[in-house]
Each structure stands twice: as structure tokens, then as C-alpha cells.
Amino acid sequence: MDASVVPRRGRPSSLLLRISLPVFALIVTLIALFATSASYILIRVQNDHTRQMAEQSMKFVYRNVEYQLDTMNNMAAFVVSNQSIENLLESAYQQPFEAVGDLFTLQSNLQNLSLLSLLSDTGSKSVVQQSYVVSVALEPESGLYPLAADRFDPVTGIFKDTDLQNQAWYLALRSGERQTVWWAQKAGRADAPMIYSATKKTSIKDGRSIATVIVGADTGSIRGVFDNASLASGYHLLMDADGRVIFSERYGFLASVGELPYVRALAGSAGSVTAKIDGARHRVMYETLENGWKLLTVVPESHFNRYAFAISAIGGITAAAALLIAGVWLRRIVVRVTVPITRLARAIQRPEVLEFKEPLPAQRSGIYEVDALNAQFASMLVTLHGLVEKSFAEEMERRQLQLELLNAQINPHFLYNTLDLINCRAIMAGDLETSAIVRSLANVFRYGLNRGQAWISLEEELKQVEAYLHIQRMMIEDMRIDVRVPHDLLPMSIVHFILQPLAENAIIHGFAGRSSGCLIAITARLEGGMLVLRVEDNGAGCDPDRMNRALREQPAAESHPGRDAVADSAFGSGTGYGTLNVHRRIQLYGGKAFGLRYVAAAEGTCVEAVLPIRPRMPV
């Protein structure tokens, strides 16, 4: 080690002698103050610890109950979104006996789902694991309706919805107030306490209601969670949105507690209140689950102060012992700790160490913490050196990839030259129709690639979509294209590749199975400081409210190729981009105030792209 790093022997000792007596006097004064307040502080610490234990018990119950409710939700979501179950419910039959095979297949699927354990190994030894009760209540729109059981029974099976017409939860579900309803009731011959969730099953094709998926579970699963989070004093209470007990160590199943004073005092979705229960003050902590149910943890205030005397005695003894030991160890601790840390600080400031030319010198002070600090600083310098080298290597690799990408941009020129060659050969052979198709295809590629630019003029965007529609008219002879865009809007700058995916959706989804009387209209206008492009067709049409809701609810992270099949079926992905991709690209470059919106139309589909007004591009 460099001599400049080692402090002279006399300097630390003389400095410590000058500060030892004032520091000792200060410490004695602080210990005296601590002796008078130790009891109060320790009591507060113990109370906080007791409260934290109660809160942890509540959080444990909350997480596990929420997990079980989420499991039921996931089971219903699986049944609602499963394509094979969708096909079984949507199938049509000329004779009822033709549906017997599909009925048994659906019944087997529900029985297999019911075998999945509702409990996630809560560890309760007093409650056996329960199973799901998964049933489907069919509506007359389903092809399996004639073979379903006439009377509903809360067991796994397939039933008609006749018995449910007057149920309050069924009416709430049908009215559209909530997507999923929750309730509790006693079911079966043994009057077992059960919790249920019901979700409406609608057709993916046309959105009509065809069934109700009901998932039930015995409350014994919840009892296992409560057993593993029992309180030494106090109780838990899980109640539904109407103030009826789902489970509690104090109240019975479905007992009405909503009018109790401490329940009525709850405000908001979570918090803590103090209330008098049975003549004693209690602390009531509560949280609200996702389905609207509330979980309460009630602990008496006396439970927080039961160790006050013992803690006061321990605090006094600790203060006296600290007063005796402080003077003996003060000088020794200061000397043994300060000198090694001073050496470490000076060693870190050496230029050779900062420039990674030599390692940090090792030292042995005899104090584990100081030696560990020195070792950690040395390790940190080695790690920092490695990170600097790694960052440099990654930057070099990134620049190499950019060069490779730049070289790859030469490929489109080969494509254009090849298409021009085919065009010339078609003209020489007298095949003018093939020549027109090749020219349109070349224009689609030329405007589509656009040298990687995100913005393009409206005129060039229209040329691209017109070239694409020219090719489509070769396949759909009776298709008319109506483009009406004011001439002064043509130089406006818009996000690239907007109109072609919208026109493609109109052809693929709107004109599916249709080859005559097809119309696609494209217009543009200024509206309130925004540029609005509209694409209309007279095809099959769609539900604009559902499409707009899906545009708002889809997270941006799903815009990558791995997004789920529901998004693809809702928006279409004819070219791999789809409507959802267009909506997100507009918001990426313009902001959340812009994007796509579906407009109600008397016939077909009408979708508008709302874009910001940008400086005009030279045409």
C-alpha cells in the first residue's frame, strides 16, 4: 500500500483523545434521556409489532381468498373463451338426437374442470380439499338446449336457464350491470355453504347470449385459509357486498352484519377504524376484494398493551447496562473503526484505483464489519470494471447490427427491378392485364416500404391504397372504389400505412363470401384541429361499441406478434398488422388523444382514423 494512504500514528490517537471526553459526555446524557423514555418507546414498538402481526394475518387471508376467487374467475374465463366449448354451444342440429354426442363431450369437459382442486395447498389439516362445481345454464339460442336438464341443480352439469329467470343475481347479470356476479347460498341436500360466481357466455361470432357459466366452491376452502391465519385475540370477518357473512370465526354463514355500528363506520375500500364492540374498544382493519366483498380483522385494543409492564422493566435494565458499558467501549470502538475507514476512504481516492490500474489494497482491522466493507468496495470496483467493459462490448455489437440493417436495405431495389422486368416481359407479350397487376404490386411495395419512414404524405398513402385496391378488383370484379379527398389535404403528413389495413379488413371481413355490389368509400376532412380519414364499406358490418371498447382496453404490450387470439379475431390481422396495430401506431406517434374509432353506420362498417395535423410535406 502507498505510504500516503497510511495515517501517521500520532494523528488518529491525538484526535480521538480530543473527541473522546465530549463524545463520552454526550453519550452519557443521551443514555440518561433514553432511560426516561425507553419504556414508552419500547411499548410503541411492541404495539406496532402486534399491529403488524395482525395486518400480516389479514394480508395472508386477503391474498389467499383473492387467489381462490381469481381461480374461480379464471375457470369461468376458460369456459367462456375456449374455442372447442364455443363450437359445442354454437352447433346447430336438425334433430335433437344428433346433439347427444356433443352434449356428453361438453359434460365430460365440465367434469374434468371440476376435478381441479380449489385449494392451493393452504396447509389446513382440518379441512379436506374441495373441488369446483362447474355448470352451464343454456339459453334457447344454443343448439344443445333441447337436451339440457329442465331443472337447475347446483352440481356440475348442463341445464336450461328456466329455473334462474327470477334469481336476483341472474337478473343483474342479464341486465349488463356487471360482467360477473358473486353470491353465497346453502346448496344440496346437506345444505352445504357454497360461494358462486356466474359469467355470461356470448357468441364470439355475433355477440348474442347463449349460456351462463356458473362456478361454485365449498366454503371449507376458505375455512382452511382462516385456520392458518388465526389470531391470538380477535377474529376475521369476510362478508359480501350486501353485508352478509361468507365466513367468520364469530358469526354464522349468511348472517346479516351490515347494520352493525362498526361495519357501518367503514369508509372507502381499505383502512382502519376504532370502534366499541361488546363494551371494549377494538381496532377494525379492512380491505375490499376485487369482487366487492370486504375482509375485516377485528383485534381488541387491550391486546396491544398486554406486555407494557415487562417492556418497561426491560427498557430500564437496558438503559442502565448501556450506561455502564458505554464508557468502557467508547474509546476502543472509535479507534478500531475510524482508522480503517479512514484508510479505506483514502485508498478509494487514489487515481490508480479509480482508473482500474491496480486493485484496492486489502487490510485486516480485526473488525468483521470494517473488513467486510473493504472487501465489498474491492468487489464493487471489480464489478464496475466488468460492467464498463460489458457496456462497451454491447455498444459495439449494437453498432454492428445497425450496419447490417443498413446493408439489408439494399434488398428492396432488387425486388423493384425484378417487378419491372416482369412488367416489361408482360408488355412485350401483349398481356396488358398482367402488366397492370405488376405495376400496382410494385407501387404497393414501393409506398409500403417507404425507406423505413414513419410519416408520409396523404397523397402517397392514397396512391398505395389505390394500387392495393386495383389488385383486389382483379379478384372481385363487382367492387367499386370511391375516393373523395379535397385537393388541399393531399400534402398533409400522416402516419404511414393507415388506409391499406382498414381497406383490407373491409374486403376480408366485410365482403367474406360476397362477390357483387361491393363498395369501399375513402374520404378525408378537418375536424377541430385534427385530420380525420374515413373508410366505409357496405359489407357485413360490426358492433361499433364493442370494437371501440376493445380498442380502449387492449394494453400496448400486446401489440407484438404474440398477442392472444381474442385480439386477432376482434380486429382482424389480414396482413399481419390489423386494425389494432394501426390504432397503436397512431397513438405511438400522435398521442393518446388520437387513434381509430368506429362509427355507427346504416349499412356495413365505418371506421375513422383521427390524426394530428402536421406540417405539410412536399409532394
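**Salt bridges and helix faces in a predicted model**

Reader: Happy to look at this predicted model with you. Lys 160 forms a salt bridge with Asp 150, so to speak of distances, how far apart are the closest N and O atoms?

Author: Good place to begin. The partners sit in distinct parts of the chain, with Lys 160 in strand β2 (residues 157–160) and Asp 150 in the loop between β1 (133–138) and β2. Lys 160 is buried, at a relative accessible area of 13%. Between the closest N and O atoms of Lys 160 and Asp 150 the distance is 3.0 Å.

Reader: Which residue meets Glu 86 in a salt bridge?

Author: The N to O distance of this salt bridge is 2.2 Å. Glu 86 belongs to helix α2 (residues 83–90), and its partner, 115 residues apart, belongs to strand β4 (residues 192–202). Glu 86 is buried at 2% relative accessibility, and the partner is buried too, with a relative accessible area of 0%. That partner is Lys 201.

Reader: How many salt bridges does a search of the whole structure find?

Author: Side chains of opposite charge can pair when their charged atoms come close. Glu 86 with Lys 201 is one such salt bridge, and Lys 160 with Asp 150 is another salt bridge. Searching the whole structure gives 16.

Reader: Which residues are linked with Arg 525 and Glu 527 in a network of salt bridges?

Author: Arg 525 and Glu 527 form a salt bridge with their closest N and O atoms 2.7 Å apart. Glu 527 is partly exposed at 27% relative accessible area, and Arg 525 is partly exposed at 29%. The other members of the network are Arg 534, Arg 597 and Glu 608.

Reader: In helix α14, within what arc do the buried residues fall, seen down the axis?

Author: The buried residues of α14 (residues 544–553) are Pro 544, Met 547, Asn 548, Ala 550 and Leu 551. They line one face of the helix, because seen down its axis they fall within an arc of 160°.

Reader: And which exposed residues does the face turned away carry?

Author: Let us start at the beginning of α14, where a side-chain oxygen of Asp 543 comes to within 3.2 Å of the backbone nitrogen of Asp 545. Asp 545 is one of the exposed residues on the face turned away from the buried side. The full set there is Asp 545, Arg 552 and Glu 553.

Reader: Is Gln 587 buried or exposed?

Author: Gln 587 lies in helix α16 (residues 578–590). Beyond its neighbours within four places in sequence, Gln 587 contacts Lys 592, Phe 594 and Gly 595. Its relative accessibility is 18%, and the cut-off is under 20%, so Gln 587 counts as buried.

Terms used. Residues are numbered from 1 along each chain as its sequence is written. This is a predicted model: local features need pLDDT of at least 70, side-chain atom pairs count only at pLDDT 80 or more; totals for chains, interfaces and linings use all residues. Side-chain values use heavy atoms; hydrogens and water are left out. Buried means under 20% relative accessible area, exposed over 50%, partly exposed in between (1.4 Å probe, protein chains only). Helices (H or I, at least four residues) and strands (E, at least two) are DSSP runs, numbered from the N terminus. The arc is that of the directions from the helix axis to the C-beta atoms. A polar contact is a pair of N or O atoms within 3.5 Å; within protein, one must be able to donate a hydrogen and the other to accept it, and residues adjacent in sequence count only if both atoms are side-chain atoms. Contact means heavy atoms within 4.5 Å. A salt bridge is a side-chain nitrogen of Lys or Arg within 4 Å of a carboxyl oxygen of Asp or Glu.
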